Structure formats: structure tokens, C-alpha cells
Amino acid sequence: MPLSDFLDSLKDNPYFGAGFGLVGIGTALAVARKGAQVGMIFFRRHYMITLEVPSRDKSYHWLLSWITKHARHTQHLSVETSYQAHESGRVHTQFDFHPSPGNHIIWYGRKWIRVERTREKQMVDLHTGTPWESVTFTALGRDRQTFFNILQEARELALKQEEGRTVMYTAMGAEWRPFGFPRRRRPLSSVVLETGVAERIVDDVKDFIGNPKWYTDRGIPYRRGYLLYGPPGCGKSSFITALAGDLGYSICLLSLSDRTLSDDRLNHLLSVAPQQSIVLLEDVDAAFVSRELLPTENPLAYQGMGRLTFSGLLNSLDGVASSEARIVFMTTNFIDRLDSALIRPGRVDLKQYIGFCTHWQLSQMFHRFYPDQPTSDAERFAERALAAHAEISAAQVQGHFLLHKTDPAASIENVVQMRG
Ligand SMILES: Nc1ncnc2c1ncn2[C@@H]1O[C@H](COP(=O)(O)OP(=O)(O)O)[C@@H](O)[C@H]1O
Ligand SMILES: [Mg+2]
């Protein structure tokens, strides 16, 4: 029975002297309540310790995973689905469970810890456009060490999850957010490029990373730009991903045709990209068409539809100044559509054509896919493939092999039917 009902019932009680005592009880209750409030505030201030972590903090995502791991009995989860459509048409979705907004109680380090995840419905982070969120940890006592331990543990947990994996970041407003679960590293050798091509790029990048002093001694900004160009499906994106994995770097993926990208935002994003990461600008031709072609052929791009301007892009690329090695990779299917100002040295220091499969690549790919087959089969496959098709992309070959997963003979036999 609620207290007010109880008091009302007292009023009606004939045995209870009219009016008498009621005032007294009411006052006593009010005082008690006030006392309890003050006591609680005092208690909170002196015997409880809280830690608030806003969603913008780097450790926020680590802590969410940590909470999910520790609040194992919680039944209130929210889902974060990441969705990615690959060029090859493959769609990748991933469900990521997180503790839902609300309270969770966790037993940790012989203490009960209350974890409250709050999401402000009205408040939106102006930078990112996402709801403002935070998690607050509350524990009894005055010992901060528990919180340090939690943060430490959360970080280690996150790093362990990332070990041997490549973290992909995408731009959300003014910051970089990890996208989906870190992916297992793809070995460099799994991307079969023409002889010497992979080595050329890998050697250049490693040389760059290994020589910061050369740049600082000469007062040259410590950055390097790469452009991979050539027909689609030949391994540009795959190679960059594999390269990042090989270096232990993450990838910051940025789409220049993103309509919300402005000069300022690009500039900012490039300057705050996480350490040890490759900034990847895919299909740069899609955002900007060579200025000579404008405005008749492509009136939309580079005309203020997106607020990113061509000169803004150039400035951002030039302005990337950081003490960390800054590596920018660009890809395009159409190098001749690019403005020469974008790919001149200093912005793009190394250009590499990644083309259709050569005989060597075809036999290598066959050999990797069917390791038990004799070399002569791989040779025969390559020969027949090139005789039947003038231009073969590696993606096509991969699709063809998957069709004949367990039957290398049929794979050779049916090579004429290989489709793009
Ligand atoms: N050289 C290659 N070696 C092995 N696989 C490749 C190669 N090139 C492309 N692929 C496969 O084809 C698909 C598309 O490749 P992708 O790297 O996206 O091509 P691009 O970026 O050049 O358009 C991927 O699944 C990739 O595994
Ligand atoms: Mg690509």
C-alpha cells in the first residue's frame, strides 16, 4: 500500500483521534525524508565513487565490450548491426551486442559496481550527429584503483580482439569510428599481383615508415601518397587491406563522394586520423572529374553539390602535417579522369597500375586455389584462359574457381565460360 493511501486510511480510522497526531507524523516523515536525501548526498559524496565516460572518449567503445563481457547475466542488450556491401556484390552483416541503455550491476574485484548507460534523446552530438551517450560507473568506497583496473582491462581486451586483425574506421561527423568487428588480416600473398608490383609498393611504404628523420631533417611533411589505378576487380582494395594488415595498421576509409563532406571536415578528419593507419580514398574519380571536362560533362560534381571543393581536397592533402607517418592511398578505375594537380608528386608519390591478369598471375592463382594440382595444370589453365578472354580480372577468376571448388579439371575445361 502506498504511503499516502496508508495515511488516508488512518484519517478514516475512528480509533485515530481526529486530526491529532497526523500533523506530527507528516512532519516527522518529511524530516525523515529530507534527512535521508541529505544523508544520501553525503553518502554519495564521501562513500561512493563514480566515473563518467562520454561516448566521444576513446575508451568508450572498449568499455562497452568490457561491460558486455562482464554483465553476462544482463538481459537487456541492444544490437549494433554493421552492414557492408562489397563491390563484388557480397554483403557482409555483423551483429554486435552491447548492454542496452539503463542500469547493469556487475560484480567485479569483490565489489558491486553499478553501470549506467545513458542515451540522451534530445541531445545530439553536434560533431557526429549521433545521440549523446555516456556510461557511468558507480562503486562503493573511495578507491579509484578499481576504475583504473577496469579501464586497463577493457583496453587490453580490445587490443587482444584487434590482435592479428585490421580495424576499419569510417568517418562519423568529425571523428573516426571503428566499423564492425576488426577483420582477420588478409595475408599479402593472397592478393596475387604481377611480379614485382607488390614488392615495389611494400618496399616503398616500409622505407617511408622507417625514416621519419629523413623528413624532419629536411623540413618535409612526413606523409606519402599512393595511387593504385586500373580496371575494377583486379585487387586494388584487397591489396591495400592486406598491406595494412601486414604493417599492423588500421584503415580509415573515406568516401569523397559523401555529400556531407566539406573542406573543413576533410581537413579535420585527415588531421585526427588514428595513429598507425592508412587513409584510404576509394574511387577518387567519382568525386572529381578533371577540371577540363567540367562543367558540361559532369555538372554535379565539384560544383558545390557536395561541399567539398577540389581546391579544398588539394589543401587538405597538402596540409596533412603530423609527426606520425601519414599514408594516403587513393584508388581509381580511370586515371585519365583525374586532374593532374591531384596526382602530382607530393600528393601522389607513387603510382601503380594494377591490371588484368597476366599468365603468371593466372597460374599463381590456380596454384593457390588448388594446391595439390601439378604445375602443368596451372600453366594449362592460364593458357586456355588467355586464349579465350582478352581481359580477365582477378575477381572473375576467383568467382570461376568458386564455381568449381572441388573440381580443378572442370575449372580448366570450362574456362571459356568464365564470366565477369
Ligand atoms: N590480384 C588478386 N588476387 C587475388 N584476389 C583478388 C585479386 N584481385 C581481386 N581479387 C578478389 O576480387 C574481389 C574484388 O577485388 P578488389 O580488391 O575489390 O578489386 P578493385 O579494388 O581493384 O576493384 C575481392 O574479393 C578479391 O579477393
Ligand atoms: Mg576497389
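Trainee: How far is an N or O atom in the side chain of Ser-238 from an oxygen atom of ligand 1?
Mentor: Happy to start there, bearing in mind that the model is predicted. A polar contact is a pair of N or O atoms within 3.5 Å. The pair formed by the Ser-238 side chain and an oxygen atom of ligand 1 has a separation of 2.4 Å.

Trainee: Which residue has a polar side-chain atom 3.2 Å from an oxygen atom of ligand 1?
Mentor: Let's look at two candidates. Ser-237 places a polar side-chain atom 2.8 Å from a ligand 1 oxygen, so by the 3.5 Å cut-off that is a polar contact. The one at 3.2 Å belongs to Gln-398.

Trainee: What percentage of the area of ligand 1 does the protein bury?
Mentor: Good one to ask next. Taken alone, ligand 1 exposes 550 Å². Of that area, the protein buries 91%.

Trainee: How many residues of the shell around ligand 1 are charged?
Mentor: The ligand is surrounded by 17 residues, with Val-192, Gly-233 and Lys-236 among the closest. Nonpolar residues number 8 and polar ones 6. The charged residues number 3.

Trainee: Moving to the surface, is Phe-42 buried, partly exposed or exposed?
Mentor: Phe-42 lies in helix α2 and joins Met-40, Phe-43, Tyr-47 and Leu-140 in a nonpolar surface patch. Buried means under 20% relative accessible area and exposed means over 50%. Because its relative accessible area is 47%, Phe-42 is partly exposed.

Trainee: Which helix gives the largest share of the nonpolar patch?
Mentor: Together, the patch residues have about 490 Å² of accessible area. The largest share is 4 residues, and they come from helix α2.

Conventions. Residues are numbered from 1 along each chain as its sequence is written. Chains are lettered from A and ligands numbered from 1 in the order in which they are written. This is a predicted model: local features need pLDDT of at least 70, side-chain atom pairs count only at pLDDT 80 or more; totals for chains, interfaces and linings use all residues. Side-chain values use heavy atoms; hydrogens and water are left out. Patches are made of residues with over 30% relative accessible area and no salt bridge: like charges are joined within 9 Å, nonpolar side chains (Val, Leu, Ile, Met, Phe, Trp, Tyr) within 5 Å. Accessible areas come from the Shrake-Rupley method with a 1.4 Å probe; for residues, only the protein chains shown count as cover. A salt bridge is a side-chain nitrogen of Lys or Arg within 4 Å of a carboxyl oxygen of Asp or Glu. Helices (H or I, at least four residues) and strands (E, at least two) are DSSP runs, numbered from the N terminus. Buried means under 20% relative accessible area, exposed over 50%, partly exposed in between (1.4 Å probe, protein chains only). A residue is near a molecule or strand if one of its heavy atoms lies within 4 Å of it. A polar contact is a pair of N or O atoms within 3.5 Å; within protein, one must be able to donate a hydrogen and the other to accept it, and residues adjacent in sequence count only if both atoms are side-chain atoms. Ala, Val, Leu, Ile, Met, Phe, Trp, Tyr, Cys and Pro count as nonpolar, Asp, Glu, Lys and Arg as charged, and the others, Gly among them, as polar.
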